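User: Hello! Could you walk me through this structure, one question at a time?

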Amino acid sequence: MTVIYERVALIGLGLIASSMAHAMRRCGSAREIVGTARSAETRKVAAEIGLCDHIVESAADAVADADLVVLCVPVGAMGAVAEEIAPHLKPGCTVTDVGSVKRAVFDAVTPHLPDNVTFIGGHPMAGTEHSGPRSGFAELFDDRWCLIVPSEDAAPEAIQTLISYWESLGSKCAQMEMDHHDLVCAVVSHAPHLIAYTMVGVADDLSRVTDSEVVNFSAAGFRDFTRIAASDPTMWRDVFLTNKDATLEILGRFTEELFALQRAIRQGDGEHLHDYFTRTREIRRGIIEAGQDTAAPNFGRAPGGQT
Ligand code: NAP
């Protein structure tokens, strides 16, 4: 594989950054990988497992001479990190991020950046419920979409280079406008996570069902909810705070549909329920046919798990 960026700086060394580091090592698309994280503990672990070529103490140090800077911190922390690195960025470099929300990151990051760098948002549609520098693996992005969300003035060559980079990590790429990205992700990821958090919370609150009954008898549906509801609390708090409008819009529609299903159950309207479930089954088939999951009985999920 040819080198795409001479030096890549990873700011934040959690699941996504550590997976990127492993995937870069696998394909050789970065000649040198520099990493940093907020806590000394994370930096120590990253150094111990040899995640990057260099682990440095600050984000400002990490970006020096980097051709690509990837912000891999929670969405709510992106602005402060951008402010810290801005004076130290190499002229002509590309700054990108992996945040799950795009409008809020763009608004928080770009005011800090100098005119001689390009900002292009990114969002790998791949993840697990695990966090931290030990949780990454090289295959995380294989055959998963990475959504590329360029600002209007981003140079086409810089966009194309970033796309080639994500493809080198195993991803398929699609370009998307940022508000549309946030709406799509509210449907496919953010609202489903909130529903999973709620369902697990309901089971936890229900005093007539004991904890051990929940643990021992959890059928496929609930078990899958618990996996999603184990996702990082900081990351998901920030997602809901920053993708407020789109998430609330989808939750409003969800509530309407839920009421309709509730009424069908109360009225014994089996035809409504059967038709509804037949339609949703088709969506599952479509996802499997598009290669985004498998029909394997383990919730269609590899042992590593994918969100
Ligand atoms: P993670 O495993 O929890 O790692 C987060 C990293 O950010 C850690 O290195 C942490 O440093 C650092 N960090 C946390 N708060 C910070 C702050 N206030 N200032 C500076 N650094 C801070 O997270 P992740 O799952 O890799 O997620 C990173 C980004 O990817 C998020 O924006 C998320 O929305 C996005 N994303 C996640 C997934 C997923 O499924 N996990 C999928 C797609 C996109 P310490 O370790 O030192 O605390």
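**Sheet, cores and salt bridges**

Analyst: Gladly! Thr-96 stands opposite Ile-120 in strand 6. Please keep in mind that this is a predicted model.

User: Let's stay with that strand. Is strand 6 enclosed by the rest of the structure, or open, and how many of its residues are buried?

Analyst: Take the two faces in turn. On one side Thr-118, Ile-120, Gly-122 and Pro-124 are buried, and on the other Phe-119, Gly-121 and His-123 are buried too. Strand 6 (residues 118-124) is therefore largely enclosed by the rest of the structure, and its buried residues number seven of seven.

User: In which sense does strand 5 pair with strand 6, and what is the hand of the crossover between them?

Analyst: Strand 5 (residues 94-97) meets strand 6 over three bridges, in the parallel sense. One of the bridge partners is easy to find: Thr-94 is matched with Thr-118. Between the two strands the chain passes through helix 5 (residues 103-109), and this β-α-β crossover is right-handed.

User: And which residue of strand 7 is the bridge partner of Gly-121?

Analyst: Here the pairing of strand 6 with strand 7 is antiparallel, over five bridges. Within strand 7, the partner of Gly-121 is Val-149.

User: Which strands stand at the edges of the sheet?

Analyst: The sheet is open, with eight strands in the order 3-2-1-4-5-6-7-8 and mixed pairing. The strands at the edges each have a single partner strand, so one side of each lacks a neighbour in the sheet; they are strand 3 (54-55) and strand 8 (172-175).

User: At about what angle does helix 6 run to strand 7?

Analyst: Two helices are worth viewing here. Helix 1 lies across strand 1, strand 2, strand 4 and strand 6, at about 160 degrees to strand 1. Helix 6 lies across strands that include strand 5, strand 6 and strand 8, and its angle to strand 7 is about 165 degrees.

User: Which element gives the largest share of the largest nonpolar core?

Analyst: This core has 37 residues, and Leu-10, Met-20, Tyr-165 and Trp-166 touch the most other members. Elements giving two or more residues include strand 1 (5-11), strand 2 (30-36) and helix 6 (156-168). The largest share is eight residues, and it comes from helix 1.

User: What is Trp-166 in contact with beyond its neighbours within four places in sequence?

Analyst: Trp-166 belongs to the members of this core that touch the most others. Setting those sequence neighbours aside, its contacts are Met-20, Val-98, Pro-124, Phe-141, Cys-146, Ile-148, Ser-171 and Cys-173.

User: How many residues are in the second core?

Analyst: The second core is separate, and Ala-62, Val-63, Met-78 and Ile-85 are among its members. Its size is 31 residues.

User: Now the charges. Is Asp-97 buried or exposed, and which residue is its salt-bridge partner?

Analyst: Buried means under 20% relative accessible area. Asp-97 has 0%, so Asp-97 is buried, and Lys-102, at 3%, is buried as well. The two side chains meet in a salt bridge at 2.8 Å (N to O), which makes the partner of Asp-97 Lys-102.

User: How far apart in sequence are the parts tied together by Arg-103 and Asp-179?

Analyst: In this salt bridge the closest N and O atoms are 2.9 Å apart. Arg-103 is partly exposed at 28%, and Asp-179 is partly exposed at 39%. Arg-103 sits in helix 5 and Asp-179 in helix 7 (residues 178-205), so the parts they tie together are separated in sequence by 76 residues.

Methods
Residues are numbered from 1 along each chain as its sequence is written. This is a predicted model: local features need pLDDT of at least 70, side-chain atom pairs count only at pLDDT 80 or more; totals for chains, interfaces and linings use all residues. Side-chain values use heavy atoms; hydrogens and water are left out. A nonpolar core is a set of buried Ala, Val, Leu, Ile, Met, Phe, Trp, Tyr and Cys residues joined through side-chain atoms within 4.5 Å. Buried means under 20% relative accessible area, exposed over 50%, partly exposed in between (1.4 Å probe, protein chains only). Helices (H or I, at least four residues) and strands (E, at least two) are DSSP runs, numbered from the N terminus. Contact means heavy atoms within 4.5 Å. Two strands pair if DSSP finds at least two bridges between them. A crossover is right-handed if, with the strands pointing away from the viewer, the path from the first strand over the helix to the second runs clockwise. Axes are lines fitted to C-alpha atoms, for helices over the stretch in contact, and angles run from 0 to 180 degrees between N-to-C directions. A salt bridge is a side-chain nitrogen of Lys or Arg within 4 Å of a carboxyl oxygen of Asp or Glu.
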